[in-house]
Amino acid sequence: MGRKVTVATCSLNQWALDFDGNVLRILKSIEIAKASGAKYRLGPELEICGYGCADHFYESDTLLHCFQVLKQLLESPVTQDIICDVGMPVMHHNVRYNCRVLFLNKKILLIRPKMLLANHGNNREFRWFSAWSQPRHIEEYFLPRMIQDVTGQVTVPFGDAVLSTKDTCIGSEICAELWNARSPHVDMGLDGVEIFTNSSASYHELRKADQRVNLVKSATTKSGGIYLFANQKGCDGDRLYYDGCSMIAINGDIVAQGKQFSLDDVEVITATLDLEDVRSYRGERCHPHMEYEHKPYQRIKVDFSLSDCKDIFLPTHQLVEWVFHSPEEEISLGPACWLWDYLRRSGQAGFLLPLSGGVDSSSSACIVYSMCVQVCQAVRDGNAQVLEDVQRLVCDASYRPEEPREMCGRLFTTCYMASENSSEDTRNRAKELAAQIGSNHLNINIDMAVKGMLGIFSMVMGKWPKFRVNGGSSRENLALQNVQARVRMILAYLFAQLCLWAQGKPGGLLVLGSANVDESLTGYFTKYDCSSADINPIGGVSKMDLKRFLQYCAEHFRLTALKSVLAAPPTAELEPLTEGQVSQTDEADMGMTYSELSVIGRLRKISKCGAYSMFCKLIHSWRETCSPSQVAAKVKHFFKMYSVNRHKMTTVTPSYHAESYGPDDNRFDLRPFLYNTRWSWQFRCIDHEVSMMEGEYVESV
C-alpha cells in the first residue's frame, strides 16, 4: 500500500573541530539507520564540525573542512539509498549560516539555513551566524568545485523550503526554532508537511528534559504529524554537556526515546509509522484554508519513497511513556559523563581531588565514583570504544574494568590536606569515604608549608600575623585563612603532576575542584585556593541539591560514610579549633543560609532582579519569617558580598553547567567585576520602602 515509513534520528558525541572523529560517527549512525530499514536519517545541529567551535566559526578553514567532510559523506557507499540530513556552517553571499544539508545518492537536495537563532543562556549564535530572514523563499547556491565534481550539480536550492517525496512531505526545523513562539512547524503542518525534523544542540540543565519532551509532543498534538528530534551528546570541548534525549513522536505521542545520559558515542533510534495515522488525525482537527491565508512552501521534488508498497505486514511502533530522571540522578549521571569525556579526550591518566570530608568535595568524589560505575556497565554491555579508552588511560591493553571500586583505585587519587585547624572528624570522614569508593587516599599535613610562607613574610616585614581569636585584626585573620587555602592549591597541582611519576607510572592527573554554585555566587571561597582546579563537576549545582544528591548516593551506591558527611555543619576549617572542635561554619561566615542563597540566586539571574526588585519580591515570599527591615538587610548583605567578590568569577575553574542561575563569567552570566559596592541609589530605594512599610505598621498599631 505504501504508507508506512521508517525514519531514524540520532545522538552523536561530537567534538568541536574533530573532523576525523566526527565523520566516522556520522557514517556509523547512517549505517545503523540503514540496517534498521530507515530511509531518512537525521543528525544533530552542526554535527560535521561540532556545535562548540565558538570563534573558530569565523575561520575559513572551518568552512573548508566541513565541505571536505561533506564530500567524503557524498562519496561513501554508506550514504546511498537513504536521505541524509547533516548539519554544518555554510557561507552564502558572504554571510555565514547555520545550515542543514539534505542529500540523496550523491545529489544535494536542499541547504536549509536556520531562521531563528539561539541567543540566550550559553548560546551566542548571533555572534557567528545570521538568521535566514526570508520565509518560504529559496535562492541558488553555487557549490564549491570539490562538491560539483561529486554531485554534477553547479547550484542547489538554498533557503526555506520542504522536500516532497513520492509518498510524503518533509520539513526542517533547527533547535531553537522549536522553542520559539513562531515555530515553523505550525505553518508547515498547515501546508501539508507530514514529517517534521529538528536537529538540535541542546545542553543539559537540571529539570529541563521535560521541557523538550513537552515541546515535541505539543508540536504534533496541535496539527498532527511525525516529529523527529536529534540532539548532540557529551562534552564537545567546554563547560556544557549535551544530553541526548533524541526522540520520535506522532500525533502528540512519543514512540521512540533515546537515552539522556550514556557513554555511547553513537545512538540511533528508529520508528516505523503509518502516514495514514497522520492524515486521519488531521482530517478531524485541521482545516488550514478555512483558518487563514498563507503563502505555500516551495516543494523540492524528490524521486524517492520512504515507504514500500509491500508494507502491510510491517508493524508500527507503539507509544512509550517517558520516564524522567530525578535531579539527584541527573547530578549522578550528567557530570559523570562529562568527566569521562574530558578525561579520555584530555590525554591525562586520572583525577586528583582534595577531599576535605565536607559536602562539596564528597560530592565531587561521588561523581567520579558514578563515572566508574557507568564505565564498568558500558564495558559489560559490550561498548568497545569505552573499553579501548580505559585501556589507553591505564596503559594496559589487557585491562578490563569489572568493579567500580577497583577502577577508582586506578584512576582516582584523593588527599586530605590537614592543618593545625583541621579536626579529627573531617579527617576520618574523608578517610572512610575514600575507602568505600576505592580511591588512592593520601594524608598530607600542610603546616610546614604554611609556616614557611609566613616565615618569609615575617622576615621581610618584621611582623607575624595572628588569628582574631589570638588578638589579631580582621585583615590578619583573613590572610591567615587564605594562605592555608592557597598552599593547598599549590600542593594539589604538585601531587597531580608527580604522583604517578613517584609510582613509576606514566601521565599526570587532572585536579578536580569542588566549589558549588551558591559559594561562587557570593564569592565565599579563596581566590586561587582548592576551588582553582582544572575542572569542577559541581560548580553549577546548588548546595541544597548536593545534599540531596549525597543522600541518593548513600542509598543507591551504599556509601554509608556519607551519612556523617551530611550530618556535619559545612565548614572551611581555616580558623583555630575550640577545644578540638570546629567553631567556624560556612553559613555563619556568609551571613545567610544556603537555602536563602538558592532563592536569591534564582531571583538575580532567572527573574532578572536587581537589589530593589529582589527586595520587593522577598518581602512577600519571606513575610512569614522576616520583617521588611530583615529582608532589606539580607538583600543588602548579599549584593555587598556579590559585588565585592565578583572579580573571583573571572578566574574560577571551568565548571559543568547545571543550573539556570549559575554565575559563570565565561559566557553565561556576563557582568562587570568592578562594582561600586555601596549601591547607594539602589539601597536608598529599599530604605524608602522599608520606612514606608514600618510607618504604616506604626500607624495601624
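Which residue forms a salt bridge with arginine 136, and how far apart are the closest N and O atoms? The partner is aspartate 187, with the closest N and O atoms 2.6 Å apart. The legends below describe this pair and other close-ups of the structure, which is a predicted model.

**Figure 1. Overview of the chain.** The predicted model has 24 helices and 20 strands. Its radius of gyration is 28 Å, close to the 27 Å that the globule rule gives for 701 residues, so the chain is as compact as a globular protein of that length. Taken along the principal axes, the C-alpha atoms fill a box of roughly 90 × 80 × 45 Å. Of the 701 residues, 58% are buried. Among contacts with a separation of 6 or more, 74% are between residues 24 or more positions apart.

**Figure 2. The segment annotated as a CN hydrolase domain.** An unreviewed UniProt entry lists residues 5-275 as "domain: CN hydrolase". Over these residues the chain is 26% helix and 34% strand. The C-alpha atoms at the two ends of the segment are 7 Å apart.

**Figure 3. The salt bridge between arginine 136 and aspartate 187.** The closest N and O atoms of this pair are 2.6 Å apart. The two residues belong to distant parts of the chain, 51 residues apart: arginine 136 is in the loop between helix H3 (125-128) and strand S6 (138-142), and aspartate 187 is in helix H6 (residues 184-190). Arginine 136 counts as buried, at 11% relative accessibility. Aspartate 187 has a relative accessible area of 24% and is partly exposed.

**Figure 4. The salt bridge between aspartate 265 and arginine 344.** The side chains of these residues meet at 2.8 Å, N to O. This pair also links distant parts of the chain, with the two positions 79 residues apart in numbering. Aspartate 265 lies in the loop between strand S14 (253-257) and strand S15 (266-274), while arginine 344 is in helix H10 (residues 327-346). Both residues are buried.

**Figure 5. An exposed pair and a salt-bridge network.** Glutamate 624 and arginine 623 form a salt bridge through their side chains, at 4.0 Å from N to O. Both of these residues are exposed. Elsewhere, a network of salt bridges links Arg207, Glu328, Asp545, Arg548, Arg602 and Glu659. The whole structure holds 42 salt bridges.

**Figure 6. Histidine 92 and its contacts.** Histidine 92 is in strand S3 (residues 83-92). At 3% relative accessibility this residue is buried, the cut-off being under 20%. Leaving out residues up to four places away in sequence, histidine 92 touches Tyr97, Trp132, Glu139, Glu140, Tyr141 and Phe158. Glycine 462 is 370 residues from histidine 92 along the chain, and their C-alpha atoms are separated by 69 Å.

**Figure 7. Helix H11.** This helix covers residues 359-380, 22 residues in total. From the first C-alpha to the last it reaches 31 Å, close to the 32 Å expected at 1.5 Å a residue. Of its 22 residues, 19 are buried, so H11 is largely enclosed by the rest of the structure. Glycine 382, just after H11, takes a positive phi of about 90°.

**Figure 8. The open sheet of strands S17 to S20.** Four strands make up this open sheet in the order S19-S18-S17-S20, with parallel pairing. Strand S19 (440-445) and strand S20 (510-511) are at the edges; each has a single partner strand, so one side of each is left without a neighbour in the sheet. Strand S17 (residues 351-354) and strand S18 (residues 412-418) run parallel and are joined by 4 bridges. Opposite phenylalanine 351 stands phenylalanine 412 in S18.

**Figure 9. Aspartate 664 in its loop.** Aspartate 664 is in the loop between helix H23 (628-645) and helix H24 (680-700). The relative accessible area of aspartate 664 is 17%; residues under 20% count as buried, so this one is buried. Its contacts, apart from neighbours within four places in sequence, are Arg239, Met649 and Asp669.

Notes. Residues are numbered from 1 along each chain as its sequence is written. This is a predicted model: local features need pLDDT of at least 70, side-chain atom pairs count only at pLDDT 80 or more; totals for chains, interfaces and linings use all residues. Side-chain values use heavy atoms; hydrogens and water are left out. UniProt positions are given in the numbering used here, feature names are shortened, and annotations may be inferred rather than shown by experiment. The expected span of a helix is 1.5 Å times one less than its number of residues. Buried means under 20% relative accessible area, exposed over 50%, partly exposed in between (1.4 Å probe, protein chains only). Contact means heavy atoms within 4.5 Å. Two strands pair if DSSP finds at least two bridges between them. The radius of gyration is taken over C-alpha atoms; the globule rule is 2.2 Å times the number of residues to the power 0.38.
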